[in-house]
Amino acid sequence: MAQVRNLLVVGLGLIGGSLALAARRAGFAEHYLGVDLAQDERQGALTLGVVDEASDKLEEMAPRADLILLAVPVLSMESVLRQLQPLVSASTVITDAGSCKGVIAEAATRIFGQLPPQLVLGHPIAGKETSGVTAAEAQLFQQRKVILTPEPSTSPQALQLVRDLWQATGAEVLEMPIDQHDEVLARTSHLPHLLAFSLVDTLARRDERLEIFRYAAGGFRDFTRVAASDPIMWRDIFLANREATLGALDEFLLGVQRLRTAVAESDAEELVGTFTHAKSARDYFTALLNETGYQTMENQKINFVTQPGGGPVTGRVRVPGDKSISHRSIMLGALAEGTTRVKGFLEGEDALATLQTFRDLGVLIEGPHNGEVTIHGVGMQGLKAPQDPLYLGNSGTSMRLLAGLLAAQPFDCELTGDASLSKRPMGRVADPLRLMGAEIATEEGGRPPLKIAGGQPLKGIHYDLPMASAQVKSCLLLAGLWAEGETSVTEPAPTRDHTERMLQGFGYPVKKEGATASLVGGGKLTATDIDIPADISSATFFMVAAAITPGSDLVLEHVGINPTRDGVINILRLMGADLETSHQREVGGEPVADIRVRYQPLKGIDIPEDQVPLAIDEFPALFVAAACAQGTTRLRGAEELRVKESDRIQVMADGLQALGVNCEVLEDGIDIQGKGEAEAVFSSAILACHHDHRIAMSFAVAGLRASGSITIEDCATVNTSFPGFAELARSLGMKLDSDQLAG
Ligand code: S3P
């Protein structure tokens, strides 16, 4: 059913014509009227079926219209509104498609004595460099944004009708105040058009212009596409949005001047700094527009679907770099004096969140490119205040370690995260940091966001960790770098010691005495090169895959086997897995080895409690192994699993039960009844992974011993630690599809 009887388009050009075509396609109006002074545009609009009737006289059409769209150049709006004023009733809704809103609102106020309630100003962020009605396309506005700028006096019914009109064209409708619209558009649209016109004009004035244009492909063509746009329309925009465009142009001129000086003085550092900053901003913006990357995928769905009959799991692979070490390489590299080169960096969302944070703190970081990152350290006092809250996505490690590091800075900052991170306990770091003198505010229950007040002098403390947590230990040691005197931390059980090892690698003395690590504040870090081993936590999924699938023989290369991380190897061996390490060597202070796993039946065990902190991230996958073992596997002393990216005891138990495996949940662990040699251990099910990457990957591995298909919903978070997991799994023999569904 049509929403209005007569829709009138004034100005039958690209925008007006496209709107009429799109509205017609959606059946928005019963009848389409057009007004244009140009005979050929009217004729074209009639021939192309854009409108049913066309005239050059507003007075013939306007009194019949229920809804009028003004699509004339911005500076013609005033005269069109003046002609319209006596022709329309208070129930006629008027809207426009002009690129500047301030001048049009002022003109309307002059003419009508106030901004009329039925006038809804708008601007479609769409267009092409071609003009005229023959360039019109019904799909021009599809999935594009349309900004409406209603005022408090705007009629809600009129606003709704205009929203409906644009939504019918397939556009996404947003609202913004008039001033903000003009500021934003001056920077994102008007300035680039001005520059494109200017560059082409400048080059075209040179004598050898024909020669130049003959070779001006690539960059020139990309940069200047919009210089083919309608000159009258753009003249009007610059006259109409004068102040905001001048502001944008002045900022731009300063930037160009800086680059001019850098070129003149051969200042390589300034050049690479500016280009890297621009590239990372542009990449971020592309990811945002294309909705790639986990941080922008919250309304996209990736489901994993396994099929039975996968395996055996065979081959030789190197899984991506260690997440914990990747985070720390950026942090210490940024604080060091000199340039740190990192190889094997994990290009997953979590480590990238840390990397982006340090860029926001003013550190120049090149890459990552194929795992290589170059960090131009700023020294212990060189970080700069960020402009906005620092968004850390799903990454608990980033938030906890940064809390320590930022508590000691002279500026304020705020740390935020996604739905999963926003539920995680931060009191465990905020409390001891407060004992050191930090000022940190959290939400109720110690949850994020964390608001850190800068300029607080810290003093060293001794802290007995109430839980075995490398994140809390590292947080305090990092804060201790700026604290007065000694900071020491005693842990109840050994946890990963990458921070201590890497600090020493950067030349910062750290004392280790039994369960206590300590350092004295006030020192400095010296840049070094870092070679990051493959992440044993990521390797675990394939170790378990090979350990549970008959006929498997798999080699995982260059895996970090730091003794504070090797619990998974010990536990799998205790379960009877055939697991061999070879080529053991030391790389940048971390032990690495190749790990070969061949299938052999597993048996249930009581997991030794001392192995729990050493395998803390590996339990979801180990639970899958336990379900495939003969007999019961019992885990105790693992309450920390409940505060990971999800409650890993409960979420895994729910999933295992849905897959037909019996288990009993305890506060600090679980008993899992293995099915041993049964051909199919798991039945078919649809499972949720609760924003937890490791849960998603563990159930994908379970697919190898399932009788039917397992669907795991919402697996986008796998990108936080293991980009390319599904592809790699397939290359090793697993039957795993990843379906991308629009949310
Ligand atoms: C990490 C420590 C562990 C681990 C996390 C990474 C680190 O957390 O679960 O994935 O890099 O320090 P806790 O220290 O909170 O146990």
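**Entry 1: the ligand and Ala470.** I began with the ligand and looked up its polar partners. A backbone N or O atom of Ala470 lies 2.7 Å from an oxygen atom of the ligand. I note at once that the model is predicted, and I read each distance as a computed value.

**Entry 2: side chains at the ligand.** I then turned to side-chain partners. In Ser469, an N or O atom of the side chain is 3.0 Å from a ligand oxygen. For Asp617, I found a polar side-chain atom 2.5 Å from an oxygen atom of the ligand. I next looked up how much of the ligand is covered: on its own it has 380 Å² of accessible area, and the protein covers 96% of that.

**Entry 3: the shell.** Which residues surround the ligand? I listed Ser324, Arg328, Thr397, Arg400, Ser469, Ala470, Gln471, Arg496, Ile616, Asp617 and Lys644. I also asked which helices each supply at least two residues of this shell. These are helix 13 (323–335), helix 15 (396–407) and helix 17 (470–480). As to the site itself, I recorded that the ligand sits in the second largest pocket.

**Entry 4: Ser698.** I moved on to a single residue, Ser698, and located it in helix 23, which runs over residues 693–702. Is Ser698 buried or exposed? I found a relative accessible area of 0%; the cut-off for buried is under 20%, so Ser698 counts as buried.

I then looked up what Ser698 touches. Setting aside neighbours within four places in sequence, I found Ser698 in contact with Phe541, Pro620, Ala621, Val624 and Met652. For one of these, Ala621, I noted a further detail: its backbone nitrogen lies 3.1 Å from a polar atom of the Ser698 side chain.

**Entry 5: the whole protein.** I closed with the overall figures. The protein has 743 residues, and buried residues make up 55% of them. I counted its secondary structure as 24 helices and 32 strands. Along its principal axes, the C-alpha trace spans about 90 × 60 × 55 Å.

I also looked up how far apart in sequence the contacting residues are. Of the contacts with a separation of 6 or more, 75% join residues 24 or more positions apart. Finally, I recorded the exposed surface of the protein as about 30500 Å², with carbon and sulfur atoms supplying 51% of it.

Notes:
Residues numbered from 1 in each chain as written. Predicted model: local features only at pLDDT ≥ 70, side-chain atom pairs only at ≥ 80, totals over all residues. Heavy atoms only, no water. Helix = DSSP H or I, 4+ residues; strand = E, 2+ residues; numbered from the N terminus. Buried < 20%, exposed > 50% of the residue type's maximum accessible area, 1.4 Å probe, protein only. Polar contact = N/O pair within 3.5 Å; in protein donor to acceptor, adjacent residues only side chain to side chain. Contact = heavy atoms within 4.5 Å. Near = heavy atom within 4 Å. Areas by Shrake-Rupley, 256 points an atom, 1.4 Å probe, with all protein chains shown as cover. 1 Å grid on protein atoms, 1.4 Å probe; cavity = no way out; pocket = protein on both sides within 12 Å on 5 of 7 lines; lining within 4 Å. Sits in = over half its atoms within 2 Å of the grid points.
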